[in-house]
Amino acid sequence: MKVNIEFEWVSKFEITKRQLNRAILLFLHEKYYIYATTLAGANEEILGELVRLNGDKSYIDIYMKNIDQVKQENQPKNEYIKRNLLNYLRNKYKHSNDNSDKDPPVSQNIAEEYINRAIYNYQLLDNAQNSFIQKYKNPRKALGSRSSDYSLPIAPNN
């Protein structure tokens with residue numbers, strides 16, 4: 001039996017662009033905040049690595065530097081702990097490796113935070129604003145007078 005498998009070769013940056021576009025679609029159009037959070041969170045992490053490879057500082061890098069500049073008594077000293085705290089909810093959604101019975105909260109604000117972080121990193125790599133980012137930044141204009149007027153193209157390359 002012969003199985004045909006088709007592959008599409010795309011760059012990591014193209015993958016992140018598609019991920020970010022999908023996270024924005026899920027956020028604005030579908031209102032699936034948990035999916036938007038996990039997808040944008042993964043996207044922000046990959047984009048952050050690409051930003052660092054490009055010689056710049058990612059959102060997380062700048063945030064961590066700002067935390068270090070604020071002298072707080074209860075501030076964790078270990079960078080790993082600080083990063084985990086910053087990504088606590090995203091990681092709580094993604095992993096089920098603790099015995100806690102408590103489910104993490106799902107929130108539009110949490111999804112917005114991760115999408116904004118991903119957009120920040122994306123724009124360090126590509127200053128152009130794609131149509132999804134424009135619609136995310138100005139949803140009222142994109143939505144028109146009624147939410148049913150709103151539509152985003154499904155094709156990931158937009």
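Biologist: Is R117 buried or exposed?
Modeller: This is a predicted model, so the accessibility is a computed value. Buried means under 20% relative accessible area. R117 has 1% relative accessibility, so R117 counts as buried.

Biologist: Which residue in helix α2 forms a salt bridge with R117?
Modeller: Helix α2 covers residues 33-53, and R117 lies in helix α6, residues 108-125. The closest N and O atoms of the pair are 3.3 Å apart. The partner of R117 in this salt bridge is E44.

Biologist: How many residues apart in sequence are the parts that the E44 and R117 pair ties together?
Modeller: E44 sits in α2 and R117 in α6. The pair therefore links parts of the chain separated in sequence by 73 residues.

Biologist: Is E44 buried or exposed?
Modeller: The cut-off for buried is under 20% relative accessible area. E44 has 2% relative accessibility, so E44 counts as buried.

Biologist: Which residue four places from R117 in helix α6 forms a salt bridge with R117?
Modeller: Four residues is about one turn of the helix. The closest N and O atoms are 3.9 Å apart, and a salt bridge needs them within 4 Å. This partner is partly exposed, with a relative accessible area of 34%. The residue is E113.

Biologist: What is the N to O distance in the salt bridge between D61 and R52?
Modeller: D61 is buried, with a relative accessible area of 15%. R52 is partly exposed at 29%. Their side chains meet in a salt bridge, N to O, at 2.9 Å.

Biologist: How many salt bridges does the count come to?
Modeller: The E44 pair with R117 is a salt bridge. So is the D61 pair with R52, by the cut-off of 4 Å. The count comes to six.

Biologist: Which helices each supply at least two residues of the largest nonpolar core?
Modeller: This core has 22 residues. L20, I24, F27, I115, I119 and Y136 touch the most other members. The helices that each supply at least two residues are α1 (12-30), α2, α6 and α7 (131-137).

Biologist: Which residues does Y136 touch, not counting those up to four places away in sequence?
Modeller: Y136 is one of the core residues that touch the most other members. Contact here means heavy atoms within 4.5 Å. Y136 touches I24, F27, L28, E112, I115, N116 and I119.

Key:
Residues are numbered from 1 along each chain as its sequence is written. This is a predicted model: local features need pLDDT of at least 70, side-chain atom pairs count only at pLDDT 80 or more; totals for chains, interfaces and linings use all residues. Side-chain values use heavy atoms; hydrogens and water are left out. Buried means under 20% relative accessible area, exposed over 50%, partly exposed in between (1.4 Å probe, protein chains only). A nonpolar core is a set of buried Ala, Val, Leu, Ile, Met, Phe, Trp, Tyr and Cys residues joined through side-chain atoms within 4.5 Å.
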